[in-house]
Amino acid sequence: MKSLALAAGIAALALPVSAAQGGIITIGEGFARSCYEASEARIATPANIEACNRAFSEQALDFHDEVATHVNRGILYYLSGNLGPANYDYDQAIAMDPNEPEAWLNKGMAALKAGDSRAAAPMFEKALALKTVRPALAYYGRAIVNEDLGNVRQAYADLQRARDLEPRWPLPGEELKRYVVRE
């Protein structure tokens with residue numbers, strides 16, 4: 001029978017700044033498009049956040065673009081360390097469209113960054129169930145939750161799944177090195 005242990009005991013996984021990456025593409029040009037591009041490039045400057053703000057105040061956004069702009073502005077707030085405004089935007093997106101997986105994914109990442117693994121768990125589950133475009137990130141986040149809660153086997157399985165889904169993303173593979181599988 002195999003057993004699994006962490007090489008250095010159960011430790012909190014470091015959450016990378018680049019973890020919030022579930023942006024939503026917007027159709028067309030203008031401020032909403034600039035907001036999307038800034039969230040994808042992970043450039044959280046005040047000017048880029050202002051472009052998102054201007055999308056709401058100066059553009060006639062269709063439903064999809066309004067939801068997307070909330071998620072994308074939330075990502076920029078997350079990246080700049082402003083979790084309150086980030087969560088506000090994710091909540092707005094979820095209120096408008098409860099089936100928007102990227103809002104759930106990014107809200108889960110914000111909960112992790114705030115140190116609330118228990119709150120993050122159902123958000124990652126929801127993002128996966130709704131078919132997020134970044135399932136590897138959702139599995140990675142769920143691995144952090146599982147490790148925090150002492151579910152070492154599930155954390156290991158989630159890290160493996162994240163690595164398999166995005167083999168060029170080095171973080172899951174690096175985290176897997178902390179585990180030791182024993183016969």
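This report looks at confidence and salt bridges in a predicted model.

## Ground rules

Numbering starts from 1 along each chain as its sequence is written. Local features need pLDDT of at least 70 and side-chain atom pairs pLDDT 80 or more, while totals for chains, interfaces and linings use all residues, and side-chain values use heavy atoms, with hydrogens and water left out.

## Confidence

The protein's mean pLDDT (the predictor's confidence in each residue, from 0 to 100) is 87, and 84% of the residues score at least 70. Helix 4 (residues 83–96) has the highest mean of the elements, 98, and strand 1 (residues 3–6) the lowest, 39. Helices (H or I, at least four residues) and strands (E, at least two) are DSSP runs, numbered from the N terminus.

Go easy on residues 1–20, where pLDDT stays under 50. Where pLDDT is low, the predicted coordinates should not be read in detail.

## Salt bridges

There are 10 salt bridges, each a side-chain nitrogen of Lys or Arg within 4 Å of a carboxyl oxygen of Asp or Glu. In one of them, E166 pairs with R134 at 3.0 Å between the closest N and O atoms. E166 sits in the loop between helix 8 and helix 9 and R134 in the loop between helix 6 and helix 7, so the pair ties together parts 32 residues apart in sequence. E166 is partly exposed at 23% relative accessibility, whereas R134 is buried at 13% (buried is under 20%, exposed over 50%, partly exposed in between; 1.4 Å probe, protein chains only).

E147 meets R178 at 2.8 Å, and E147 is buried at 1%. Shared partners join E125, R142 and D158 into one salt-bridge network.

Definitions and conventions. Contact means heavy atoms within 4.5 Å.
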